[in-house]
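Got the viewer open? Let's take a walk through this one, stop by stop.

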Amino acid sequence: MQGWHGLDDVPREWGRSVITIGVFDGVHQGHQRMVERAVAMAADLGAASVVITFDPHPGEVVRPGSHPPRLTTARHRIELLGALGVDAVCVLPFTLEFSQMTPDEFVQAVLVDRLHAAGVVVGENFRFGHKAAGDIETLRQLGEKYDFVAEGVPLVSNGEAISSSMIRELLASGDVGGAAEALGRPHRVEGVVVRGHQRGKALLGFPTANVESPAFTAIPADGVYAGWLQCTQSPSPYEGDRWPAAISIGTNPTFEGIERTVEAYALDRDDLDLYGAHVVVDFTARLRETLKFDSIEALIEQMRRDVDEARRLLTGA
C-alpha cells in the first residue's frame, strides 16, 4: 500500500482510480463496508483503489475549538485502512483555504486532475465543498461531467446505522462493548508511559503503566475495565509483547486526585519497566464505576477482585 501526505505525493504516472472519501475516524464497520465497496469497484473497473482522508479533523478547522474526541490516531487510521486492501491512502491536510473550495473545484482539483477518478464511493450522508454545499446527488452530476461513476453506501452494520459520533457517545457512557461491536474491534487508546505518583507498586501492590495519550483522544468514561496492554515502540525487550490487563480511568478519588489518568496493570506482572515506551490499551469490558474507598485496605481488596474478574474475562482462568 502506498501512503501519501497531500496531493503532491501522488505519483505523476498514477492511473485511473476508484476513490472513497471521508474522515474515517475509528474506521468503524460502516466505514469498512464503504472501503470494501470501493476496492471491489476498483477490481471491476481495472483501476487502483484510493482512500482520501483528512488531518486535522475538518470540524477543528470549520468550528475552531470544537475538537471532537478522536477514536483513532492518524497513524492507526492509516494502518486500519491499509488492512482493508486499498492500494493507497492519501491524507489531505485540511485547512481553512481547502474548506472554501466549491464542490466542483474539489472534484476537479482532487479527484479528476490528480487521481483520475473512474469511480467515487462515499457514505450516503456525504457532504463536501464550501459550507457542505455538495451531497451525493451533486457528486453524481459532477461524475457525469467528468466521466466517473458515483455511488453512496449506507453506513450500517447488521441493519443498524453507525457513526463516529455514536461511538463517541458509547465510550462517554463507558459502553466499550457496544463501541467494539460498532468498530469491529476493541476501542484503543495509545500513548507514552509516563511517571505518575508511583503508588501502584510501592503502596498497592499493582504496578500500573500511566498512559499519556495525545490531546483530544476519545477516553472511555471513568471506571475500571478489562482489556489488553501492548508495547508497540520501545528500545526495551518488551516491544511487541501483549498482556491481559486491568485498566483504571479516573482521578483516583481515594487519594483526592484531580488529574484524570489512564492506568493499565498487566496481570501478574510486577517486573515490567515501560517508562518511555509507546503502548496501546484495548478495552474489552467495563467492570465497574470509579469509587472512593474509606481506606487503602478496602481499595486493595477491591483491586484484587477487579484483577480476578479481568483475568476470568480475558483468559478464562
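Strands here are DSSP runs of at least two E residues, numbered from the N terminus. With that in hand, remember as you click around that this is a predicted model.

**The whole chain.** Start zoomed out. The C-alpha atoms fill a box of roughly 70 × 35 × 35 Å along the principal axes. Show the cartoon and you have 10 helices and 14 strands to look through. Of the 317 residues, 50% count as buried. Among contacts between residues at least 6 apart in sequence, 74% join residues at least 24 apart.

Switch on a surface if you like: the chain exposes about 14900 Å², with carbon and sulfur atoms supplying 49% of that. Colour by charge next, and you can pick out 29 positive and 44 negative side chains. The centres of those two sets lie 2 Å apart.

**Serine 17.** Now select serine 17, in strand E2 (residues 17-21). Is serine 17 buried or exposed? Its relative accessible area is 0%, so it counts as buried. What does its side chain meet in there? A polar contact of 2.7 Å links it to the side chain of tryptophan 14. Look also for the backbone oxygen of leucine 115, which sits 2.9 Å from a polar atom of the serine 17 side chain. Beyond the neighbours within four places in sequence, serine 17 is in contact with residues including Ala47, Ala48, Val50, His116 and Gly119.

**The largest nonpolar core.** Stay around E2 and bring up the side chains of Ile21, Ile52, Phe106, Val107, Leu111, Leu139 and Phe148. These have the most contacts inside the largest nonpolar core, a set of 34 residues. Which elements feed it? At least two residues each come from E2, strand E3 (48-55), strand E4 (88-93), helix H5 (103-112), strand E5 (117-123) and helix H6 (136-146). H5 gives the largest share, with five residues. In soluble globular proteins, nonpolar side chains do tend to be buried together.

**Leucine 111.** Pick leucine 111 in H5. With a relative accessible area of 0%, leucine 111 is buried. Setting aside its neighbours within four places in sequence, it touches Ile19, Ile21, Ile52, Phe106, His116, Ala117, Val120 and Leu139. Then draw a distance to phenylalanine 148: the two residues are 37 apart along the chain, and their C-alpha atoms are separated by 9.6 Å.

**Leucine 139.** Hop across to leucine 139. Outside the four places in sequence to either side, its contacts are Val107, Leu111, Val120, Val122, Phe128, Phe148 and Ala150. Apart from this core lies another, of 31 residues, and Val176, Ala245, Val262 and Phe283 are among them.

**Helix H8.** Val176 takes us to the last stop, since you can select helix H8 as residues 176-183. Why is H8 largely enclosed by the rest of the structure? Because six of its eight residues are buried. Highlight them: Val176, Gly178, Ala179, Ala180, Ala182 and Leu183. To see what they pack against, show helix H1 (29-45), helix H7 (164-172), strand E9 (187-194), strand E11 (223-233) and strand E14 (278-288). Finish on glycine 184, which follows H8 and has a positive phi, near 85°.

Definitions and conventions
Residues numbered from 1 in each chain as written. Predicted model: local features only at pLDDT ≥ 70, side-chain atom pairs only at ≥ 80, totals over all residues. Heavy atoms only, no water. Helix = DSSP H or I, 4+ residues; strand = E, 2+ residues; numbered from the N terminus. Buried < 20%, exposed > 50% of the residue type's maximum accessible area, 1.4 Å probe, protein only. Polar contact = N/O pair within 3.5 Å; in protein donor to acceptor, adjacent residues only side chain to side chain. Contact = heavy atoms within 4.5 Å. Core = buried A, V, L, I, M, F, W, Y, C linked by side-chain atoms within 4.5 Å. Areas by Shrake-Rupley, 256 points an atom, 1.4 Å probe, with all protein chains shown as cover. Lys, Arg positive; Asp, Glu negative; His and termini not counted. Charge placed at Lys NZ, Arg CZ, Asp CG, Glu CD.
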